[in-house]
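Morning, everyone. Please pull up the sequence and the structure on your screens. I'll keep this short.

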Amino acid sequence: MPLVDVLYGWLAKDRDPQVDRIFSAALEQAEPPFAARMIKLLFERKSESAWTALVSNQDRLDDDARHQLQREEPLLRAGIAAAARSTSAHARKNALLLLAQSPETQLTYLLGDALRDGDAEVRALAAKVLRGKVQCILDESARQVAAGKPITRIWRQNEDLLEVVREGLRTYSLHQRDEVLEVSLWLARELGEALWASLESSSSRTAYAVQEYLEEWNGPRLAAFALLALARKQWRAQGRTMLRSWSGDEYLISLMRNSDLLSDCKIRHGLQAIKQPAWFVVRVARIIDLPPDVRAKLPFWIMHLGYSDSERMNFLRACQASAMPEVHRAAVYTLAELGNIAADHILREASLRPCPMNQFARWYLHGRRLADERGGRSRNRTRDAAQPSALPRFARGAN
C-alpha cells in the first residue's frame, strides 16, 4: 500500500478536530486528485470542524458537493460562523460567499465584523453581501405589501441585519464601503435619527460621500429618503431634486406606499414645491393600471403636490365618480376632510347618485348643515382647498 494511502487512512480514523484543520489548510493548495480525496473524507467525518473546513474551501467544491454541504443546515451554520472567524482571509471570503447564497438570517451579524476586516477584499465582499441581503428583504416586503399583508414583522425578524447597517453607517470612515451608505438610504425610515445624525454632522465624511453618489443611486428605493429629506433643512434641496427628476409607475408606487410619512407637516409643506410631477397619475383612466392600495392614496396626495386648486378639484371630482371602489372612497374621504365649499359641491354630487359612498356623503353634508345652523363649531368656509389640516383617516396607517 502506498505510504500516502496509509497516511490518509490513519487521518480518517482520528476524530480529533485538529485533523479537520489539517485537511482544511492542505485543501486550499491541493492538486485536484488529492483535493477530491480530502473533500470525500471531510464529508464522511460529518462534524462541525469538517464542515468548517469545507466552507473554508467551498471554492474547491463542485456543484454536487456544494449541494451536499448545504443540506446539513446546522453543520453549515456552524461552519460558516467558524470560517468567518478564521485567520485565513481565503476562508473568511468563502464563508461570506456561502452566507450570500443562504437564506439564513441568524448569521447576518457576521457581516459587522467582516466590514471591519483587515483584508480589503473581505470588506468589499461583506459590503456586497450586506447590500444583497437588504435588497432581498425589501423585495419580500414589496411582495407582502402588494398582497395586502402587514410587514411590521420583517425588520423585527432581521434586527441583526439592521444593526449591522446601523453600525456600518457609524463606522463608514473606517471601512469606506459605499454600499453601506446606499442601503442606509434605502432604510431611511428604519434607521431614523441615526441616519440623519450621520448625514448632518459637520465632521462626518458620510454626507460628502452620499452627495457624491446620490445621482448614481437615485431610484424608487429612495422614496422614503426623498420624502424624509423634505423635513431636513440640509437635505431639503436634494429631496426636491430627486422628486422632480422621477417619472414612471415604479416611482409612484414606491412613494404611495410611504404615504404615512405625510403625517409630518414639514414633509407635506415640502411637497408643495413639487409642481405637477411626472410620476403622478392625473388621468383617471390610467389609475386602473395601478395596484389597489396605490390607487387609494392618489386623492390624498394631489392635495399636497404643486397643482392648482382647479386641477385638484377636477381630479377629486373624477375620482369620486370612479367605478373603482377604493378610488371613489378615498376621494370622498379626502373631500370630507377638506370641508370647504368646493369640496361640498362635489360631495353633493356623490350624495345624489347611486354609489358606495352616497350615504356617507349625505350624512356628512347633513351634519355640516346642522352644525352650521346651531353654531356648534366654526369653520372657515373659504379655506384653501389645497390645505387639509391633517392626514385623512383613510390614509392613516398606510404602509
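I'll go through confidence, fold, core, salt bridges and then a few single residues.

A word of caution to begin. This is a predicted model. The chain has a mean pLDDT of 86. A value of 70 or more is reached by 85% of its residues. Where is confidence lowest, and where is it highest? Helix 1, residues 3-13, is the low point, with a mean of 52. Helix 17, residues 223-229, is the high point, at 98.

Now look towards the end of the numbering. Over residues 377-391, pLDDT stays under 50. The model still has 40 contacts there beyond four places in sequence. Residues 393-399 also stay under 50. For that stretch, the count of contacts beyond four places in sequence is 21.

Next, the fold. The chain has 27 helices and zero strands. It runs to 399 residues, and 50% of them count as buried. Take the contacts with a separation of 6 or more. Residues 24 or more positions apart account for 68% of those.

On to the core. The largest nonpolar core holds 115 residues. Which of them touch the most other members? Phe225, Trp279 and Trp301 do. Among the helices, helix 9, residues 120-146, gives the most to this core, with nine residues.

Zoom in on Trp301. Leave out residues up to four places away in sequence. Trp301 then touches Leu227, Leu255, Met256, Ser259, Leu262, Leu271, Trp279 and Phe280. Note Trp279 in that list. Trp279 turns up again with Tyr251.

So, Tyr251. Tyr251 sits in helix 19. Is Tyr251 buried or exposed? Tyr251 is at 13% relative accessibility, so it counts as buried. Its contacts, again setting aside residues up to four places away, are Asn218, Gly219, Pro220, Trp246 and Trp279. Gly219 is 32 residues from Tyr251 along the chain. Their C-alpha atoms are 7.5 Å apart.

Now the charges. A search of the whole structure finds 23 salt bridges. I'll pick out a few.

Start with Arg116 and Asp113. Their side chains meet in a salt bridge at 2.7 Å, N to O. Arg116 counts as partly exposed, because its relative accessibility is 43%.

Second, Arg189 and Asp260. Their closest N and O atoms are 2.5 Å apart in a salt bridge. What does this pair tie together? Arg189 is in helix 14, residues 188-191. Asp260 is in the loop between helix 19 (249-256) and helix 20 (265-271). So the pair ties together parts that are 71 residues apart in sequence. Arg189 is partly exposed, with a relative accessible area of 32%.

Third, Arg232 and Glu200. This salt bridge comes in at 3.0 Å, N to O. The pair links distant parts of the chain, 32 residues apart. Arg232 lies in the loop between helix 17 and helix 18 (236-245). Glu200 lies in the loop between helix 15 (193-199) and helix 16 (206-217). Look at the burial of each partner. Arg232 is buried, with a relative accessible area of 17%. Glu200 is partly exposed, at 24%. The cut-off for buried is under 20%, so Arg232 makes it at 17% and Glu200 does not at 24%.

There is a network too. Glu159, Glu163 and Arg166 are linked by salt bridges.

Now a charged residue without a salt bridge. Asp178 lies in helix 13, residues 178-186. Asp178 is buried, yet has no salt bridge. How far away is the nearest side chain of opposite charge? That side chain belongs to Arg177, 6.9 Å away. A salt bridge needs the nitrogen within 4 Å of the carboxyl oxygen. What does the side chain of Asp178 make a polar contact with? The partner is the side chain of Tyr213, at 3.2 Å. Leaving aside neighbours within four places in sequence, Asp178 is in contact with Tyr172, Ala209, Tyr213 and Trp217.

Last one: Ser56. Ser56 is found in helix 4, residues 48-56. Ser56 has a relative accessible area of 6%, so it is buried. Its side chain reaches the backbone oxygen of Thr52 at 2.7 Å.

That's the tour. Over to you for questions.

Terms used:
Residues are numbered from 1 along each chain as its sequence is written. This is a predicted model: local features need pLDDT of at least 70, side-chain atom pairs count only at pLDDT 80 or more; totals for chains, interfaces and linings use all residues. Side-chain values use heavy atoms; hydrogens and water are left out. A nonpolar core is a set of buried Ala, Val, Leu, Ile, Met, Phe, Trp, Tyr and Cys residues joined through side-chain atoms within 4.5 Å. Buried means under 20% relative accessible area, exposed over 50%, partly exposed in between (1.4 Å probe, protein chains only). Helices (H or I, at least four residues) and strands (E, at least two) are DSSP runs, numbered from the N terminus. Contact means heavy atoms within 4.5 Å. pLDDT is the predictor's confidence in each residue, from 0 to 100. Lys and Arg count as positive and Asp and Glu as negative; His and the chain ends are not counted. A polar contact is a pair of N or O atoms within 3.5 Å; within protein, one must be able to donate a hydrogen and the other to accept it, and residues adjacent in sequence count only if both atoms are side-chain atoms.
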